[in-house]
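Grab the viewer and work through these exercises one at a time. Try each task before you read its solution.

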Amino acid sequence: MIKAVIFDLDGVLTDTAVYHYQSWKAVAAKFSYNLTEHDNEKLKGVSRADSLNLILEWASVTLPQEEIPQLLQEKNDHYLLLINELGQKDILPGVLDFLTLLESHNCPKAVGSSSKNAPFILEKLGLASRFAAVIDGNGVKNTKPDPEVFLNAALQLQVLPENCLVIEDAPSGIQAAKAAGMKVVGVGHELTEADVCVSSLVGLDWDQIQNL
Ligand code: BG6
Ligand code: MG
């Protein structure tokens with residue numbers, strides 16, 4: 001039985017992937033690497049530091065360790081500029097109705113995100129007060145596909161992992177949820193490891209999630 005729902009943020013509550021893409025593309029261009037949308041798919045759910053490592057690997061660039069923090073800062077400054085206008089209008093379709101549905105069943109909700117900007121983005125979207133716990137990239141040692149972020153969320157909600165449902169758009173996040181022993185709804189296409197894959201949260205209902 002599902003007693004709690006843990007939401008990924010980027011790609012589930014709002015679509016920030018395009019802004020991550022634009023700001024990483026600018027970093028990659030410094031190394032004459034043309035970051036493609038296909039590359040960007042592989043960065044979904046991956047932490048900021050791990051994303052930079054992947055890009056440097058794809059660009060066949062090795063940097064002195066001391067240059068890394070500056071690049072990460074630049075990427076984030078650019079990203080923060082791009083998401084400055086984010087607001088309630090940017091909440092993805094079906095999210096608000098699904099949150100209300102869970103509230104009508106007294107089902108606790110958490111956010112489990114790799115992003116260190118998650119609290120800021122939740123405030124911008126006007127969603128912060130809807131979640132009993134927010135576990136983000138600042139609070140975990142091992143990022144997705146490690147299950148730590150979702151296990152921490154379950155602990156904070158005081159619900160056993162087997163009674164938690166995760167909503168995720170990224171393969172790394174789906175692997176993390178499965179490794180935590182949780183059920184997963186995948187949002188997007190070809191998320192074969194999820195228990196069910198939907199194109200959006202529109203119409204997702206209580207019986208459906210109880211029967212996964
Ligand atoms: C994830 C995104 O939610 O957060 C990744 O899918 C991103 O693309 C990661 O790299 C870390 O985000 P941030 O905001 O801490 O740079
Ligand atoms: Mg995501």
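**Exercise 1. Classify N106 by exposure, then look at its backbone and its place in the chain.**

Start with exposure: N106 has a relative accessible area of 70%, so it is exposed (buried is under 20% relative accessible area, exposed over 50%, partly exposed in between, with a 1.4 Å probe and protein chains only). Next, turn to the backbone: phi of N106 is positive, about 50 degrees, even though the residue is not a glycine. Finally, place it: N106 sits in the loop between α5 and β2 (109-112). Helices here are DSSP runs of H or I with at least four residues, strands are runs of E with at least two, and both are numbered from the N terminus.

Before you go on, some ground rules: this is a predicted model, where local features need pLDDT of at least 70 and side-chain atom pairs count only at pLDDT 80 or more, while totals for chains, interfaces and linings use all residues. Residues are numbered from 1 along each chain as its sequence is written, chains are lettered from A and ligands numbered from 1 in the order in which they are written, and side-chain values use heavy atoms, with hydrogens and water left out.

**Exercise 2. Do the analysis again for E190: where does it lie, and what is its phi?**

Begin with the location: E190 is in the loop between β5 (183-187) and β6 (196-198). Then read the torsion: phi is near 55 degrees for E190, a positive value in a residue other than glycine. Last, check accessibility: E190 comes out at 75%, so it counts as exposed.

**Exercise 3. Find the cis peptide bond that leads into P145.**

First pick the bond: it runs from K144 to P145, and its omega is near 15 degrees. Then locate the proline: P145 belongs to the loop between β3 (133-135) and α7 (148-157).

**Exercise 4. Which residues hold the magnesium ion (ligand 2), and how are they spread along the sequence?**

Step one is to list the protein donors: D8 (OD), D10 (O) and D169 (OD), at 2.0 to 2.1 Å from the ion. Donors are N, O and S atoms within 2.8 Å of the metal (3.2 Å for Na, K and Ca), and water is not among the atoms, so sites may look incomplete. Step two is the spacing, which reads D-x1-D-x158-D for the donor residues. Step three is to see what that spacing does: D8 lies in the loop between β1 (4-7) and α1 (17-29), and D169 in the loop between β4 (164-168) and α8 (171-179), so the pair ties together parts 161 residues apart in sequence. To finish, look at burial: D8 and D169 are both buried.

**Exercise 5. Describe the surroundings of ligand 1: which residues come nearest, and which domains give residues to its shell?**

Begin with the neighbours: 16 residues surround ligand 1, and D10, R48, S115, K116 and N117 come nearest (near means that a heavy atom of the residue lies within 4 Å). Sorted by class, the shell has three nonpolar, eight polar and five charged residues. Now go for the polar atoms. A polar side-chain atom of D10 is 2.6 Å from a ligand 1 oxygen, a side-chain N or O atom of N117 is 2.7 Å from a ligand 1 oxygen, and a polar backbone atom of G45 is 2.8 Å from one. As for cover, the protein takes up 96% of the 400 Å² of accessible area that ligand 1 has on its own (areas are Shrake-Rupley values with a 1.4 Å probe). Two elements, α3 (48-58) and α4 (68-82), give two or more residues to the shell. Last comes the domain question: domain 1 (4-15 + 87-210) and domain 2 (17-83) both contribute residues to the shell, so ligand 1 lies between them; the bounds come from an automatic or database domain assignment.

**Exercise 6. Is S51 buried or exposed, and what does its side chain reach?**

Place it first: S51 is in helix α3. Its relative accessible area is 2%, so S51 is buried. Now follow the side chain: it reaches the backbone oxygen of S47 at 2.7 Å.

How values were computed:
Polar contact = N/O pair within 3.5 Å; in protein donor to acceptor, adjacent residues only side chain to side chain. Nonpolar A, V, L, I, M, F, W, Y, C, P; charged D, E, K, R; others polar.
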